[in-house]
Structure formats: C-alpha cells, structure tokens
Protein chains: 2
Amino acid sequence: MYEINETHDPELKSWVESANDPNTDFPIQNLPFCVFAPQNEQHRAGVIIGDLVADLEFFAQEVLEGSAVPYFLFDAEKAVDLSDVRIDRLMALRYELYKIFKEDVDPKVQDFIALGMHKRDDVVFGSPYRIGDYTDFYCSIYHATNVGSMFRPDNPLMPNYKYIPIGYHGRASSIVVSGTDIKRPWGQNRSDAEKPPVYIPAKNLDYEMELGFFVGRGNELGQPIPISEAEVHIFGLCLVNDWSARDIQAWEYQPLGPFLSKSFATTISPYVVTMEALAPFRVPAFERDPDDPQPLEYLNDETNQKFGGLDIKLEVYIQTENMRQENIEAHMLSRSNPKDLYWTLGQMLTHHASNGCNLQTGDLMASGTVSGKEKDERGCLLELTWRGTEPLELPSGEQRRFLEDGDEIILKGYCEREGFRRIGFGECRGRIVPADS
Amino acid sequence: MYEINETHDPELKSWVESANDPNTDFPIQNLPFCVFAPQNEQHRAGVIIGDLVADLEFFAQEVLEGSAVPYFLFDAEKAVDLSDVRIDRLMALRYELYKIFKEDVDPKVQDFIALGMHKRDDVVFGSPYRIGDYTDFYCSIYHATNVGSMFRPDNPLMPNYKYIPIGYHGRASSIVVSGTDIKRPWGQNRSDAEKPPVYIPAKNLDYEMELGFFVGRGNELGQPIPISEAEVHIFGLCLVNDWSARDIQAWEYQPLGPFLSKSFATTISPYVVTMEALAPFRVPAFERDPDDPQPLEYLNDETNQKFGGLDIKLEVYIQTENMRQENIEAHMLSRSNPKDLYWTLGQMLTHHASNGCNLQTGDLMASGTVSGKEKDERGCLLELTWRGTEPLELPSGEQRRFLEDGDEIILKGYCEREGFRRIGFGECRGRIVPADS
C-alpha cells in the first residue's frame, strides 16, 4: 500500500502531451478516477490524464480486450459509477491504463485509443460514487482548539479529544460536485439572546477545507476493521468543502451536534486520487506531545504510525464578485496540510467500524477542517477572522468576516516531493448565490 | 390527508378471514406496505392483510390489469422496494387492493387472487425502502428533560428546545429489520474518570422506543417544504428501536453528538402503515404550556396544529433468556404515545428541509424516544432505571439496569378509537447477542 513502484517513476512520460506539463495535477503518475458525462450523454466511469478523460466503458470494451494488454474484468455497462466496481478491479484497471498511456505505445494504438478520450473541459463531472453514508470527522487538533476556545473558553479541548477521532454523521443527499452553486440557506438565528430566534437567511456563512476519502471495500455489520487493515478499505481521496452556517450552528448544535448548519450543501472535487498514487507522499502519523496519551490499542499500529500520515498541500482561495469584475485573481486565504491531523485516515476508519458499524463501498468520510498551527494555516473563516472579530482584507479593498453572495471559494490540493512527479487533486469550487426571498 | 373515507368504515369486512379478527393489527382498514421474499425467492413489494401478504408483482401483472378494477401503473419488475414507486401510485394501488379484498368479491376471483398471497409466517421481510439518509429527532420534551437532568442537572432543557425540533443525522447502513440479532458493540468507556478510557464491550446497552416515518416524495436541493405541505411528503410510519450504548455515548458525544453509541444498529418494523390508514387517529398537536413560545412562523400552520398529532399506543416489552426458558411471557416495560411529542412529524420534516436540504424518497426520520409524563411512560431504560440507579424488577425475579445478553426487546404499536377498527404496526423485535471476544 505504501510501496513505491514503477508507476511512481518520475521520469515516466505519456504520449498524452498535456500530462507531461510539470504543473499539471494529472501526470501519468496520478490517473485519478471520476464519473463524467460527455455532452448530452449518460454518466460513465472515467480516468483523468492531463487535460483529457478516458471513457472506461470504451476502454473496457474496445481497448483492453482486443489489445496486447490482458483482458480485464470491468463490467462497463453496469458501471454507472465507481460503486459498481470492486476496488481490486479498479486498481488493476489503473495499472493497465498506466501501460496504455506510456509514451512508448505504438502510435497506431494511440490513434485508436484517442477515440475513447474526451477533453476535460468538454464534459460534465458527477459524483464518483453513490454516497450511502457520509461521516465528517474533527481531526485537526488546531481547528478543534481554536473553535473550542471561541465557544468554550474555559474548556476548549474536550477530554475525549486525544482518545477518540471525534466524528459525526453528515447528510449524504446534499453532497454536490465542484462547480455547483451554493444557495445561501435560511435557518434559525438567535444572535440576540434577549429576543426570540428568527428564521432568516444565514449571515455567517463559512467554508471548511477538508480532505475526503472514499470507502472502496466495506465490512459486514458486527465485524470491526483492525487498524492494520484499515487502508485496504480506502480507495482514494478528494477535496471536501463542508459549507457551514455558523449562526445556525451556534444556536442548534446542543446537545446533538451540527445539523441544518451543514446539511444544505457539501462540495466535493470530482476526481478520486488513489491511495496507490499517493504512496510517495506518506509520512509518519502526527507526532503527539510527550504528555499526550498514546492511542488505545485498537487504534495503534506500527505501520500506521510510520506511514499513516499524508503530506498534501491544501490551499483555499476566494474570488468575490468585485474581484471577478475587476479581473483580480483569486486570493489565497490559507494553506494547510493533513500531515498536521491528530488522527490518521486509518484511525478514523477503524474507529468508525470499531462498534461493528458496517461501512459500504461509496461511503464518504472527511477529515474535518484541516488547520495547522499557524494563523495562515486556518482552514475556515470562523478561525481566520476569529468568529468575525478580525475581518480579512482582500486585494479588491473589500473586507470579509464571512462569505457574501457572489463569493467563490476554490480549494486546491497537490503533493510535491523531491524525486517524484507532482500530483494533484484538481479543484473544488463553489459560488454563493443569494438566498430565496 | 386527514379525511375519513370509505376505506375507514369500521363495518367493512374482508374475505381474508384473519383480517376480521378484532385483535389483528392488519384489518382491511390498514393494508400496510412491505418488502418480502418468499422462501428462496427474491425480494419484492407487498401489502399485508390479516396473516397474509399480497405479492404486488403478481397483483400488478395478473390481477389489476385483467380484472374489473382499472389498469394500474405499477412497474412491478422494477419495484425491488418501495423507493422505486411513486407515492401517488402506491396510494392508488392501496385503494385498488382495498376493493379486491372486500368480502363481496366474487369467490372465483378470490381463488385466483389467493395464488398471489403468502402466509406472513412463511416469508422473510426486508427493509421497505432503500434508506438513503436517516435522521433521528429528539422530540419528546419528557425524554429530553429526563435525560437532560441526568447529564446537566443545572440545565436540563437547552434554550433551543422549544424553538427547534432538535435532530441529528443517524447512520443509514446499519438499519436492520425486526428479528435481526443485535450484537453487543465494543466501544470506548470511561466510567472511571480518574483512569484512561478502555475499549471494551458496552456495559450500558439500552433501547429507545421511537416512531419512524418514511419520505415518499422528496424536494429539490435548495427548495424548502412549507409546513402546510409537509405531510404530502410522508408516505407512512413504522416502529424504530434506536439501540443505544449509554457508556459509549456519555464519553463520545461532546461536542458533535452521538456517533458510535448509536451506529452499531437500529431496528425497524417491516410494515409501513400509510398516513391514509392513520387518518382516524389524528389529534391536535401537543398543547404547549401557556408560557412556552409559539412555533416560529415557518413551523406554524393551523391544520398542523389541529391534526398534526398522532394517537398511537406504543408498548415496550422485554423477555430475558431466563424468562424464555421458564416460559414467562414478555413483560411490559412502558407505554407511551406520540401524541405527547412536542413537535409534529410535519414540523420535523419542514424543519429538516428549511435550509434547502433535499429529502429523498426512502429517507427515514424518527421521532426520538417517545416518553410521556408518567414514570411508566418512559421509553428507554436510561429513564426507567434513572441511569441504572433504580433497577427494574422482572417477573422472573431478575433485575435490570441495562440490557443483558439474551434479552429481547419487543416494540408494539396500535391505534384504537371508538367507532373505528383497531389498526396496528406489528412488532419490532431484536435480541442482544454477546459481543465478540
């Protein structure tokens, strides 16, 4: 799982020219999966290379069976999305594609293969999985401490935090793909504690920069997943924007947690970057303070400690309506990195199944806001503006406490390491549109 | 929706003899929907009458098209479960079945129809819907006050309680049908605050008596549902046992709410009792204390106030392993009634969609523990034994603070009203089996 193999060779080039651009997120070393629809056609599974997307239905039927590469069991007609395909088959398919896209492939074969490729800009992306259940964790200790100190100054970090990868069930139905507009939600607001609450459009609308991961292999109800096997169940990663209405949240969240403050929309990036592609970017799990407790045995594993972390550069940008009109580029709000998460993805997944809860292919889990130690590493406006008390200055001269209508938030993620090709996640975009009146 | 019509006529009898038993839950006035599988066959949609279940595939293909009743659009081949059929078609189908099952039907037709009927005891029931998202509310003010006073004696009822139908997202994947064994989950327990937590089988295992309702018609993302239209979206009701591990819950629930303490299993009864069948049992919404605030406008509607309540007698029984061996009948633990819920089902649904969250056909919502004012109306052991401090005495001479291995919990529900036939929900059963070692 963590091994470096031939597919990570940084010298490797593709006959798809755009994949060889040193700045692309999608060199041949990446090959993330997706679901897409060419114009006016049905959705189908695909794989990204450079600025193209390969139609897996075409590949399974036309390329893989008849070509020099071995026939591969991918039931393309059934594969409306990735939920319909077993994780081992997807991984084997990825390896076949790697061979097909290498630069030394016979140009005649290239010409034929090109028939099953589309320009990324010409297609529409859908959710890569039918997401059954969505779980959102809270695994950045910096985020948890910051938010805790705003809401509970005496008791910022709960006593359970260093023992439990804290998480809660999210809303699956309202997960949308990058590019979908986000309508400002209505909700109960009680910012004036002396008066009754009012039902109004949310005032303190926020984003959260998160890392998401898809379950590729489930477990039976009643059968926990040992920490040593956790990553076998993870297929790949995406970017997640867990839009949050802070005014709704503050009033509704006790005692059962966030509900409508989050469930109006969650945006995901459409490309699933596989765990295999990420192998060169694995780092040790978060180094705990010597005074901190060690994880309980069911969450503790040597391999997980050594390789459970992920070094991914995450960036958040904003572009307001004014900035668009004045052609001012999107402005970076923060950078952070999941290597700073207190818990690893494997620990989140193992904890989730530790009571026997059955995970299913296509379930989405997210890390919670990824914030770092520093001020410019804070992954949401709540933290960056300290609950709105320290507004941000934008290059357009505007100020922001929270999101205004017309603001677009763009999440980016990419991995860089000396001796390896850069790989990336593409973008996760969403623009706030006004509430219904 | 609330009108009494010919299908509620208490004098009406069926040629299915068992449906005329005055104690049956399933007279011709009920006709709940379900999904079932005859021995070794595939699951399909069905309707219950007396001790029989009607195969809707057979009815759609053989009975409804060719008989005197009008042809009906029910695509039986596609209908793996009720999610595949529109709510208006299910309701029209129910009306056709009502006419077919009336006692005045030609005996020759009866003989033919009987070919599409199975004994309820001979089939296996599945989940009536593919449940996309599951939401659990907290709408009994008696339950909320009791639980609150145990955990937060100074502040039992949060200030938001009388304004918001408090709810949280639950886990959909681990919802199981009545009769499924419930394995005692493992989890983190920190009953001794002086020591680190331990990962052990849950000690304080509990049930929660809840009422569930299925969304039969969804809404688009970003489009709230007015309170006046809420019930149009509800197809029918079932019983829900929201199994809860109280020791896991107490340690994990802050600040994001219950997670693994609930997600190991939730049991539902397999029959969906339609809103139409329940029309005679509608009562006014909960009468608020004169000092209590009125619901905010988006949750306030005259019809909802007049008819939004439901008069359903809910009962909880326990049968321990010892009781079974000694042939001691199941022992009633409590009776309660959703007419005592602080919020109506319509208010729960409208609140859920009030931020634009898209509900989908097959979503399950549950009321939260249905408790009443009185001690014997408390819908879970946490309340009945006051967190284990007042153990219950069982007829076998045993005591219970929380559930032991081998205990079976049986939920029942039925409606009775002078001048109407009794209708019922059947049972929602689950037996605790030991944790894995």
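**View 1. The segment before β1 of chain B holds L31(B).** This is a predicted model. L31(B) sits in the segment that precedes β1 (33-37) of chain B. L31(B) is not a glycine, yet its phi is positive, at about 50°. Is the residue buried or exposed? L31(B) is buried, with a relative accessible area of 1%.

**View 2. N327(B) also has a positive phi without being a glycine.** Its phi is about 55°. N327(B) lies in the loop between α7 (321-325) and β21 of chain B. N327(B) is exposed, and its relative accessible area is 70%.

**View 3. Five strands of chain B form an open sheet.** The order across the sheet is β9-β26-β25-β20-β21, and the pairing is mixed. Which strands lie at the edges? They are β9 (182-183) and β21 (331-336) of chain B, each of which pairs on one side only. Strands of a sheet pair through backbone hydrogen bonds, either parallel or antiparallel. Strand β25 (residues 408-415) of chain B and strand β26 (residues 423-433) of chain B take the antiparallel sense, with 7 bridges between them. Look for K412(B): its bridge partner in β26(B) is E427(B).

**View 4. Strand β3 of chain A pairs with β2(A) and with β4(A).** Strand β2 (residues 44-49) of chain A runs antiparallel to β3(A), and 4 bridges join the two. Here I48(A) stands opposite V53(A) of β3(A). The hairpin of β2(A) and β3(A) has 2 residues between its strands. In this hairpin, G50(A) takes a positive phi near 55°. Strand β4 (residues 117-119) of chain A is also antiparallel to β3(A), over 3 bridges. The bridge partner of L52(A) in β4(A) is K119(A).

**View 5. Side chains leave strand β3 of chain A in two directions.** The strand spans residues 52-55. L52(A) and A54(A) point one way. V53(A) and D55(A) point the other way. Are these residues buried or exposed? All of them are buried.

**View 6. L237(A) belongs to the largest nonpolar core.** That core has 154 residues. Which members touch the most others? They are L237(A), L278(A), L237(B) and L278(B). The contacts of L237(A), leaving aside residues up to four places away in sequence, include L211(A), G212(A) and F213(A). Y271(A), V272(A), V273(A) and M275(A) are also among them. L237(A) touches L278(A) as well. Other contacts of L237(A) include L310(A), I312(A), L345(A) and F425(A).

**View 7. Chain B and chain A meet in an interface that buries about 5,400 Å² between them.** Carbon and sulfur atoms account for 60% of that area. H169(B), L256(B) and F259(B) lose the most area to chain A within chain B. Together they make up 15% of what that side buries. How many residues does each chain bring to the contact? Chain B gives 59 residues and chain A gives 58 residues.

**View 8. A salt bridge links D133(A) and R171(B).** The closest N and O atoms of the pair are 3.4 Å apart. The count between chain B and chain A is 4 salt bridges.

**View 9. Q254 and P255 are joined by a cis peptide bond in chain A and in chain B.** From Q254(A) to P255(A), omega is near 5°. Between Q254(B) and P255(B), omega is about 5°. P255(A) lies in the loop between α5 (246-252) and α6 (260-263) of chain A. P255(B) lies in the loop between α5 (246-252) and β16 (266-268) of chain B.

**View 10. C139(A) and C428(A) are too far from other cysteine sulfurs for a bond.** A disulfide is a covalent bond between the sulfur atoms of two cysteines. A search of the whole structure finds 0 disulfides over all chains. Why does C139(A) form no such bond? The closest cysteine sulfur, in C380(A), is 15 Å from the sulfur of C139(A), too far for a bond. The cut-off for a disulfide is 2.5 Å. For C428(A), the closest cysteine sulfur is in C238(A), 7.6 Å away, which is also too far. C139(A) is buried, at 0% relative accessible area. C428(A) also counts as buried, at 1% relative accessibility.

Notes. Residues are numbered from 1 along each chain as its sequence is written. Chains are lettered from A and ligands numbered from 1 in the order in which they are written. This is a predicted model: local features need pLDDT of at least 70, side-chain atom pairs count only at pLDDT 80 or more; totals for chains, interfaces and linings use all residues. Side-chain values use heavy atoms; hydrogens and water are left out. Two strands pair if DSSP finds at least two bridges between them. Buried means under 20% relative accessible area, exposed over 50%, partly exposed in between (1.4 Å probe, protein chains only). A nonpolar core is a set of buried Ala, Val, Leu, Ile, Met, Phe, Trp, Tyr and Cys residues joined through side-chain atoms within 4.5 Å. Contact means heavy atoms within 4.5 Å. Buried area is the accessible area (1.4 Å probe) that two parts lose on being put together, summed over both. A salt bridge is a side-chain nitrogen of Lys or Arg within 4 Å of a carboxyl oxygen of Asp or Glu.
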